[in-house]
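Welcome! Here is a short briefing to help you find your way around a structure that may be new to you. Take a look at it first, and then read on.

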Amino acid sequence: MARAYDELGRTDEAIETMERLSRTNPHSAHLDEVQFRRGEYFFTHRRYRDAESAYSDIVKLGATSEFYELALYKLGWTFYKQEFYEEALQKYIALLDYKVSIGYDFDQKT
């Protein structure tokens, strides 16, 4: 439902739907996607503290979430936008460490 609202340009209703889902069903299999969409909304509206919270919830889920890498990256950007440069750097390093841990080859030529 939130996605439909979003695609219709009814962003406020989409956010309300996602907020309701996260409150009423905190163990939903879709919670990481909901949190990522919330984070994106907050980030684009310069509500960086709210975005930080949404992205952090995904990072806490760990690598089992398909949004984990993106959440680490966007969490770094969120800290950067708030001028928390050390925290931003820590998230970027965590992302690089994760990529190395799963075998990503930074020297690979594409």
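**A first stop, then the whole chain**

Phe84 sits in the loop between α5 and α6. Please keep in mind that this is a predicted model. The chain has 6 helices and 0 strands, so the points below go from the loop to the overall picture and then from helix to helix.

**Around Phe84**

- With a relative accessible area of 32%, Phe84 is partly exposed, because that class covers values between the 20% limit for buried and the 50% limit for exposed.
- Which residues does Phe84 touch, once its neighbours within four places in sequence are left aside? Phe84 is then in contact with Arg49 and Phe79.
- Leu61 is 23 residues from Phe84 in sequence, and their C-alpha atoms are 23 Å apart in space.
- Glu83 shares the setting, as it lies in the loop between α5 (68–81) and α6 (85–101).
- Glu83 is exposed, at a relative accessible area of 57%.

**The chain as a whole**

- Reading along the sequence gives the pattern α-α-α-α-α-α.
- The C-alpha trace spans about 45 × 30 × 30 Å along its principal axes.
- Of the 110 residues in the chain, 38% are buried.
- Among contacts with a separation of 6 or more, 36% join residues 24 or more positions apart.
- The chain exposes about 7,500 Å², and carbon and sulfur atoms supply 50% of that area.
- There are 15 positive and 20 negative charges in the chain, and the mean positions of these two sets are 3 Å apart.

**Helix α2**

- Helix α2 takes in residues 11–24, which is 14 residues. At 1.5 Å a residue it should span 20 Å, and its end C-alpha atoms are indeed 20 Å apart, so the two values agree.
- The buried residues in α2 are Ala14, Ile15, Thr17, Met18 and Ser22. They lie on the same side of α2, because they cover an arc of only 160° around the axis.
- Asp12, Glu16, Arg23 and Thr24 are exposed on the face of α2 turned away from its buried side.
- What do the buried residues of α2 pack against? Their partners are α1 (2–7) and α3 (31–44).

**Helix α4**

- For the 14 residues of α4, a rise of 1.5 Å a residue leads to an expected span of 20 Å; the end C-alpha atoms are 20 Å apart, which agrees.
- Buried in α4 are Tyr48, Ala51, Glu52, Ala54, Tyr55, Ser56, Ile58 and Val59.
- These buried residues of α4 pack against α3 and α5.
- Lys60 is also found in helix α4. Buried or exposed, how does Lys60 count? Its relative accessibility is 68%, so Lys60 is exposed, the cut-off being over 50%.
- Lys60 and Leu70 are 10 residues apart in sequence, with 13 Å between their C-alpha atoms.

**Helix α6**

- The 17 residues of α6 should span 24 Å at 1.5 Å a residue, and the distance between the end C-alpha atoms, 24 Å, agrees.
- Ala88, Leu95, Tyr98 and Lys99 are buried in α6. Seen down the helix axis, they fall within an arc of 100°, so they line one face of α6.
- On the other side of α6, the exposed residues are Glu86, Asp97, Val100 and Ser101.
- Helix α5 is included in what covers the buried residues of α6.

**Backbone spots with a positive phi**

- As background, most residues other than glycine have a negative phi.
- Arg46 is not a glycine, yet its phi is positive, at about 60°. Arg46 is found in the loop between α3 and α4 (48–61), and it counts as exposed at 67% relative accessibility.
- Glu83 is not a glycine either, and has a positive phi of about 65°.
- Gly62, which follows α4, has a positive phi near 85°.
- Gly103, just after α6, takes a positive phi of about 90°.

Definitions and conventions. Residues are numbered from 1 along each chain as its sequence is written. This is a predicted model: local features need pLDDT of at least 70, side-chain atom pairs count only at pLDDT 80 or more; totals for chains, interfaces and linings use all residues. Side-chain values use heavy atoms; hydrogens and water are left out. Helices (H or I, at least four residues) and strands (E, at least two) are DSSP runs, numbered from the N terminus. Buried means under 20% relative accessible area, exposed over 50%, partly exposed in between (1.4 Å probe, protein chains only). Contact means heavy atoms within 4.5 Å. Accessible areas come from the Shrake-Rupley method with a 1.4 Å probe; for residues, only the protein chains shown count as cover. Lys and Arg count as positive and Asp and Glu as negative; His and the chain ends are not counted. The place of a charge is taken as NZ of Lys, CZ of Arg, CG of Asp or CD of Glu. The expected span of a helix is 1.5 Å times one less than its number of residues. The arc is that of the directions from the helix axis to the C-beta atoms.
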